[in-house]
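I opened a notebook on this structure to record what I looked up in it. The entries follow the order in which I worked.

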Amino acid sequence: MPLPQENPVSSSHQDSESPSNPTVDSPQTPESLEGLFSLLDDLDLMEKPAPVSPPPTPKPPQKNRTKAPPPPKNSLSSSKQKTKTRKIISPLPPPDQPKTNGRGNTEDSTSVSPAPKTPLESAPSPEGQPLSEGRGNTEDSTSVSAAPKTPLESAPSPEGQPLSEEAVEQLRALFLDLLLGDNNYPANELEAKVAQLEQELHSPNTLNRLLSPGFLQLFASQVNQAPQEVVQALFPIIDLVIGAKSHQDTQAMSKALASAIPGAFSKQLGDAPDEIIQAIAPAMGRAIKEQIRLEKDAMVDALYPVIGNTVSKYMEEVVSQINQRVESAFSLQGIYRKIRAKMQGVSDAELILSESLPFTVQAVFLIHKTSGLVIAEVQQEGNDTTLEADMLAGMLTAIRSFASECTVHPENTSELTEIDYENFKIILEVAGYCYIAAVTQGDPPPAFHTKLQQTLSAIILNYGYGNLIEEFNGNPDSIPRAVYDLLKAILNSPLELEPEKPTSSKPRGVLIIFLLLLLLISVPLSLYRARQHKIQQQITTVLNALSTTPELALYRLDATIEKNQLILTGKLPNSYLQEKAAVVAGSIVPDLQIDNQILAVQVPPDPTHIEAEVRRHTSVLNRIGGVYIIAVYDPIDNKVSVEGSIRQASAENIVTEAFIQIPGVTQVIFRLSDRLLPVKERIYFDPNATNISQNDRDNKLIPLVDFLQRYPYIKIRLIGHTDASGDEQYNRTLAPRRAEVVKDALIAQGIQAERLETKGDIGSPPDVAATDPFWKSRCVRFELIGLIETNE
Amino acid sequence: MAIISKKVCMIGDFGVGKTSLIRRFVERQFSDQYLSTVGVKISRKIVNLQHLEVDLSQEIKLLIWDIEGQTKFKAIASSYLQGASGILVVADSTRQETIEHLQDHVKQFVAINSNGMIAVALNKVDLVDPEDIEQIRKNMSFSEHQVLGIYNTSAKTGQNVDHIFETLAFKIWRQDNR
C-alpha cells in the first residue's frame with residue numbers, strides 16, 4: 001500500500017525552523033514527533049519519490065508544526081527518515097512472536113531508497129517476518145509515529161488515553177541523542193533503550209494507539225482514491241464480518257440495516273422480481289398461517305377487499321341461478337325438480353343449491369382393472385397442477401383390490417363407485433377389464449353417471465374386442481385415438497348424453513303426453529277388459545252348470561253374452577234337454593235374459609253308449625235310500641227294464657226320469673217286487689261250521705247264480721261273518737273260510753271266479769246288533785260291486 | 001417410441017428390505033430406520049433399456065407396487081398381484097426363514113400369473129460374509145422357468161439394485177416382443 005503522507009511532511013519543514021525544546025512539549029508527544037518529522041524534512045530526505053507514487057492525499061493539519069524542534073541535518077537521520085516512511089507499508093509482527101532478525105525491515109527500506117545505509121539498516125529481513133530486536137523495531141516505532149498527520153490531540157487511543165508520557169520522553173530523548181550528539185549515550189545504553197522501546201511498541205494497546213488514527217485516515221484515503229481495490233480487499237470477508245456482527249449484536253445489525261432493506265427490496269423487485277418471488281414463495285403459506293394465528297382480524301381486513309369481492313361475485317351468480325330456478329318453481333321443470341327432490345330425500349332448496357354449484361370434470365382416466373395401468377387419460381388444460389395419472393390409477397386399483405380382499409362373502413360382487421374428498425370426488429364406472437375414473441368438482445348430477453356408462457359401453461363395444469383392453473401391455477400407442485376422443489367428451493361435455501337418449505324437458509313433455517294418451521286408452525280398455533272378464537266368468541259358470549247337470553253332461557253346449565242376453569247354442573237330442581239347459585242357465589245368471597238357441601235334434605241311438613249310460617244311471621240311482629235296482633237296456637226296443645225294489649213311490653219317478661232322459665231310450669219298464677234281490681240274501685251257518693245247508697243252496701244260492709248269469713257285468717263281494725262266541729283268532733280264520741266256501745259253490749255253478757271277491761269279518765253284519773241271536777252273525781252276505789267297476 | 005408402462009410387485013416377508021430396495025432404486029437414498037409398510041405403496045421409475053442393450057432405445061415405466069410384508073399369519077393379498085408383469089421376490093440373507101419362504105411367494109405368483117417374470121433378491125448381503133452367501137445360493141433352487149435368477153443385493157450399498165430392476169424390466173419387455 002503506498003504511503004500517503006509524504007508531501008505534507010516535505011511541505012511542512014518551512015514552518016519548523018524555530019528551535020524548541022522537545023522535552024518541554026510534553027505531554028503533547030505527537031507534536032514532538034511532528035517536530036521530529038519536520039526536522040527530518042529539513043534534511044530534504046523526504047523529497048525523494050516513493051517507489052510507487054501514491055495519489056495526492058489531503059494534507060493533514062499544519063497547526064502544530066511550528067512546535068517541532070529544529071532538525072539537525074544529518075545523513076543518519078536522513079537515512080532513518082527514509083526508513084521510517086517505508087516501514088508503514090510493512091505489517092507489524094505480533095509482539096509475542098520470536099524476534100529473529102531485525103534487519104529485514106531495513107532491507108525493505110533500502111530497496112525503496114537509494115540512500116547510504118547504516119550498519120543497522122543493512123541487515124536483511126524478509127518482509128512479513130517477525131521483527132528482530134534493535135533498529136528494526138526502532139524504525140517501526142518511528143514509522144508508526146510518523147504516519148498520521150492528523151493532530152494527535154484529537155485522535156486519542158482506542159481506550160481514550162493519551163500516549164504514554166514516558167515512552168514519548170524516551171523516544172524523544174533517543175532521537176535527540178541520535179540527532180544532537182550520538183556520543184551522549186554509550187552504545188549499550190542505547191541498545192537498552194531501543195530494546196525497551198521495542199518492547200513497549202509490541203504492546204497491542206500501544207500499537208492501537210499509534211496505528212488507529214493513521215489507519216483510519218489511510219483507509220479513508222484509499223476508499224476515495226481506489227474504491228475498487230478496497231472492495232477487492234474486503235469482499236472475501238465481508239460476509240464473515242456481517243455474520244459475526246449479526247451474531248454478536250442482532251439488534252444493532254438490524255438497526256443498521258433496517259433503513260436499507262426496504263429500499264433494497266424495492267430495487268430488487270423492480271430489477272428481478274422473479275428472484276424475489278422464488279425466494280419468498282416457499283414461506284408465503286406458512287407466513288400467512290402464522291399471521292392468521294397471531295392476528296386473524298388484521299388478516300381478514302387485509303384480504304377482505306379481494307376475497308370479499310370474489311365471494312360476492314361468485315355468490316351473485318349462484319343467487320341469480322337460484323332465483324331463476326325459484327321463479328320456475330311452478331313450471332314443468334320446477335314440478336319435475338320437486339319430484340326429484342322428494343325422490344332423493346332432500347329439500348327443494350338443497351337441490352337448487354347443488355344444481356347451482358358448478359360441476360366440472362378435472363380429469364378422466366381409463367384404467368386397466370387388474371394391473372392399474374393407465375390405458376388412456378385426458379386432463380383439463382390450463383390447470384396449474386397435473387394429476388399424476390400413474391400414481392392415481394395405481395392407488396385406485398389398490399383400493400379396489402383391498403376392498404375386494406376384504407369382502408366377506410365371495411358372491412358379493414359390489415364395486416367401488418365413488419371416492420369423496422372434501423374438495424373433489426373420484427367417480428368410478430367399472431366394466432369387465434377396465435374402469436373409468438373421473439376426477440370431478442361439485443355435485444355430480446345423475447346424467448354424469450349415465451355419461452360414464454355410455455362412454456364405457458362405447459369403448460368396450462367398439463374397442464374391447466381382440467383383447468385390446470383385456471391384454472393391454474402398457475403401450476399407449478396401441479390405444480386408438482377415438483378412445484381419447486370419447487374421454488375428452490366426458491371432460492368437455494360431462495352432461496351431454498347420446499342423441500337417442502331423452503335429455504331435456506321437451507322429450508319429457510312428450511313422454512307425459514304419451515302417458516296421458518296411454519291413460520285415456522288404457523282406462524276404457526281396462527273397463528272393457530273388466531266387463532269381458534265378468535262376462536267370461538258368467539259364461540264359464542253357466543257352462544260348468546250345464547256340464548254338471550247329468551242329463552246335459554254328454555253334450556257340447558256353448559254360451560255367449562251379448563247386451564244382457566245369454567245365448568245358448570249347441571245340439572241336444574230332445575226338447576226336454578233343450579228346456580232343461582235353459583232352466584239351468586237361467587238359475588245361474590238370473591239377471592240375464594236367456595236366448596235358447598240350442599237345437600233339439602234326433603240323433604241315432606248308439607247302443608253301446610246307451611248301455612253305458614244306463615249302467616251309470618243305475619249306479620247313481622242305487623245310492624238313493626231304499627232303491628235296489630238292476631237296469632237292463634234292450635237295444636232292439638230301445639227300452640230299459642228295471643228290476644229290484646223301490647220302497648218309496650217318489651223314488652220311482654226319479655228312476656223313470658233318469659232313464660228316459662238318456663237319448664235313445666224310449667221306454668222304461670219296471671219289474672219291481674217286494675223280494676230282495678238275490679244279492680240281498682244271506683247264507684247262514686251252524687256254529688263253527690262252513691258247510692252250506694241244502695236249503696240255502698236251493699233257495700238262495702241258485703237264484704243268485706241265475707241273477708249273476710243274467711247280469712254278467714255284475715261283480716259281487718262275499719263277506720263271511722262269525723258270531724262273538726268263539727276264539728277271536730279262530731274266528732279270523734273261520735270268517736273268510738265261510739266266504740270262500742260260498743265262492744267255491746258259485747264257481748261250481750259256472751260263475752267266473754274274477755267276478756267274485758271274498759272277505760272275512762269276525763264281527764256281526766252291519767244290520768245285526770250285538771243283542772241279536774248269534775246265528776244272525778254266522779253268515780255270508782253279498783255286496784254288489786260289479787256295476788261300479790263296469791262303469792269305470 | 002412411446003414409454004411402455006409395466007406393473008411390478010415386490011413381495012417377501014416383513015423386514016426383508018423391499019421398501020429400501022425401491023427407495024434406493026427410485027430415490028437413490030437409504031435409511032437404516034425401519035418403517036413397516038401398511039397395505040401397498042406405489043412408486044414409479046422410468047428405466048432405459050439402453051443400459052442393457054445399446055441398440056435398444058426403449059423406455060419402460062415401472063410402476064412398482066410395494067406390498068406389505070407377509071407372515072405366516074398374514075398372507076399376501078392375491079388381488080394385488082393380478083395384472084403384474086413381474087415380481088421381485090425379496091429375502092433377507094441374514095434371516096433363514098425369509099429365504100425358506102421364497103418358494104411360497106414364487107408359487108403364489110405363478111398361480112395367479114403364469115406368464116409373469118420373477119427375479120429373486122437376496123438382500124442385505126453387506127451384512128453377511130461372501131462365503132455364507134455362496135452357501136445360501138447353493139442351497140437355493142427354483143424349478144419355475146419364469147425365475148430369471150438370484151441376485152445378491154444391498155439397498156445400503158446399492159449393490160445390484162439397479163441391475164435387478166433393469167434386468168426385470170428388460171425381460172418383461174422382451175417377453176412382450178418375442
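Entry one, charges over rings. I found the charged end of Lys45(B) over the ring of Phe25(B), 4.5 Å from the ring centre. I applied this rule: NZ of Lys or CZ of Arg must be within 6 Å of the ring centre and within 35 degrees of the ring normal. Lys7(B) has its charged end over the ring of Trp65(B), at 3.7 Å from the centre.

Note on the model. It is a predicted model, in which local features need pLDDT of at least 70 and side-chain atom pairs count only at pLDDT 80 or more, while totals for chains, interfaces and linings use all residues. Residues are numbered from 1 along each chain as its sequence is written, chains are lettered from A and ligands numbered from 1 in the order in which they are written, and side-chain values use heavy atoms, with hydrogens and water left out.

Entry two, salt bridges. I counted a salt bridge where a side-chain nitrogen of Lys or Arg is within 4 Å of a carboxyl oxygen of Asp or Glu. Over all chains the structure holds 22 of these salt bridges. I looked up Asp390(A) and Arg44(B), whose side chains meet in a salt bridge at 3.7 Å, N to O. Asp390(A) lies in helix H16 (residues 389-406) of chain A and Arg44(B) in strand E2 (residues 40-48) of chain B, so this pair joins two chains. Helices (H or I, at least four residues) and strands (E, at least two) are DSSP runs, numbered from the N terminus. Asp390(A) is buried, at 7% relative accessible area, and Arg44(B) is partly exposed, at 29%. For these words I used under 20% relative accessible area as buried, over 50% as exposed and in between as partly exposed (1.4 Å probe, protein chains only). A network of salt bridges links Asp390(A) and Arg44(B) with Glu388(A) and Lys61(B).

Next I took Arg28(B) and Asp162(B), which form a salt bridge at 2.6 Å, N to O. Arg28(B) is in the loop between helix H1 (18-27) and E2 of chain B and Asp162(B) is in helix H6 of chain B, so the pair ties together parts 134 residues apart in sequence. Arg28(B) is partly exposed at 43% relative accessible area, and Asp162(B) is partly exposed at 25%.

Within chain A, I noted the salt bridge of Glu613(A) with Arg616(A), 2.4 Å from N to O. The two are three residues apart in helix H21 (residues 607-621) of chain A, which means that about one helical turn separates them. Glu613(A) is buried, with 6% relative accessible area, whereas Arg616(A) is partly exposed, with 25%.

Entry three, aromatic pairs. The search of the whole structure gave seven aromatic pairs over all chains. Tyr421(A) and Phe424(A) have ring centres 4.6 Å apart and planes at 15°, so I entered them as stacked. Rings of Phe, Tyr and Trp (its six-membered ring) pair if their centres lie within 6.5 Å; planes under 30 degrees apart are stacked, over 60 edge-to-face and the rest tilted. Tyr421(A) is partly exposed at 44% relative accessibility, as is Phe424(A) at 30%.

I also entered Phe170(B) and Trp173(B) as a stacked pair, 6.4 Å centre to centre with 25° between the planes. Both residues of the pair Phe170(B) and Trp173(B) are buried.
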